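Subject: The structure we talked about

Hello,

Here is the structure I promised to pass on to you. Have a look at it first, and then read my notes underneath.

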Amino acid sequence: LRQGSVEDAVDGVVPSVVAVPERPEELTQVLAAATLDKQLTVLRGGGSKLGWGRPPDRVDLVITTEKLNALVAHRHGDMTVTAQAGMPLTRLNGLLAEHGQHLPVESAFANATVGGIVATSDAGPMRYRFGTPRDLLIGVTLAMTDGRLVNAGGTVVKNVAGYDLGKLVSSSHGTLAAIVDVTFKLLPVPHA
């Protein structure tokens, strides 16, 4: 934990404290403690869309996913990828391009993260051909406010088990749970 600064401001409101968890378990612990203390909490990925939505009156805590930025698994043959929420989209697509694959999602923000893209349903013009992040999401791990890590969906495209929590948290702006990692179906990089 560190004290909030002007660089951490959410729509002009400086948070009291900023948490930078390095592991999913730390994220759940911080979120559970904030819930018990009734702290007004904002989740942040790359910070590119913090001005979206209603401006807050106060912010007690910002939890950033900047250190939760690992590539968990890239299943080349299945054309799926699992990445932590704090991974920048540009970095993810750079890693996938090495294998001739990509996540066909665009963002107008250079520092947009995969978790932030799902949480805000951020999508560019390619959504008309390939769909939104919600349409490409096949699995998700969430940190709940009671300290639990919850997995929903799976790692293969043909997956129908359980509630589709990934679709539920899409466009939720972090109000329902914190996205820890996401699994997407991929497409080959087009030749032209």
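Is W52 buried or exposed, or does it fall in between? The answer is in between: W52 is partly exposed, with a relative accessible area of 37%. Buried would need a value under 20%, and exposed one over 50%. Please keep in mind that this is a predicted model.

**The aromatic pair**

W52 is a good place to start. The structure holds one aromatic pair, and its members are W52 and F109. A pair of aromatic rings is described by the distance of the centres and the angle of the planes. Here the rings are 6.0 Å apart, centre to centre, with 65 degrees between the planes, so the arrangement is edge-to-face, which requires an angle over 60 degrees. The pair links distant parts of the chain, as its two residues are 57 residues apart. W52 sits in the loop between β3 (41-44) and β4 (61-64), while F109 belongs to the loop between β7 and α3. Like its partner, F109 counts as partly exposed, at 27% relative accessibility. W52 has another neighbour too: K49 lies over its face, at 5.9 Å from the ring centre.

**The open sheet**

Now follow the chain to the strands on either side of that loop. β3 and β4 belong to an open sheet of four strands, in the order β1-β2-β4-β3 and with mixed pairing. At the edges are β1 (2-3) and β3, each of which pairs on one side only. β4 pairs with β3 in the parallel sense over four bridges; within this pairing, R44 has T64 as its bridge partner, and L43 has I63. β2 (residues 17-19) also runs parallel to β4, with three bridges, and V17 is partnered by L61. Both faces of β4 are covered: L61 and I63 are buried on one side, V62 and T64 on the other.

**The hairpin**

β5 and β6 are joined by four bridges and run antiparallel. They make a hairpin with four residues between them. In the turn, look for M79, which has a positive phi of about 55 degrees. R75 stands opposite T80 in β6.

**Helix α2**

Which residues of α2 (residues 89-97) are buried? They are L89, L92, N93 and L96. These residues cover an arc of only 95 degrees around the axis, so they lie on the same side of α2. What covers them includes both hairpin strands, β5 (71-75) and β6 (80-84), together with β7 (101-102) and α3 (114-120).

**The cores**

In soluble globular proteins, nonpolar side chains tend to be buried together. The largest nonpolar core in this model has 27 residues. Those with the most contacts inside it are L92, L103, V114, L142, I179, V182 and F184. Two or more residues come from each of β6, α2, α3, β8 (137-143), β9 (149-153) and β10 (178-185), and α3 gives the most, with four. Try selecting F184: leaving aside neighbours within four places in sequence, its contacts include M79 from the hairpin turn, as well as L103, V114 and P133. There is also a second, separate core of ten residues, which includes L27, L31, L61 and A178. You have already met L61 as one of the buried residues of β4.

Enjoy exploring!

Best wishes

Note on methods. Residues numbered from 1 in each chain as written. Predicted model: local features only at pLDDT ≥ 70, side-chain atom pairs only at ≥ 80, totals over all residues. Heavy atoms only, no water. Buried < 20%, exposed > 50% of the residue type's maximum accessible area, 1.4 Å probe, protein only. Arc of directions from axis to C-beta. Contact = heavy atoms within 4.5 Å. Phe/Tyr/Trp six-rings, centres within 6.5 Å; stacked < 30°, edge-to-face > 60°. Lys NZ or Arg CZ within 6 Å of the ring centre and 35° of its normal. Core = buried A, V, L, I, M, F, W, Y, C linked by side-chain atoms within 4.5 Å. Pairing = 2+ DSSP bridges.
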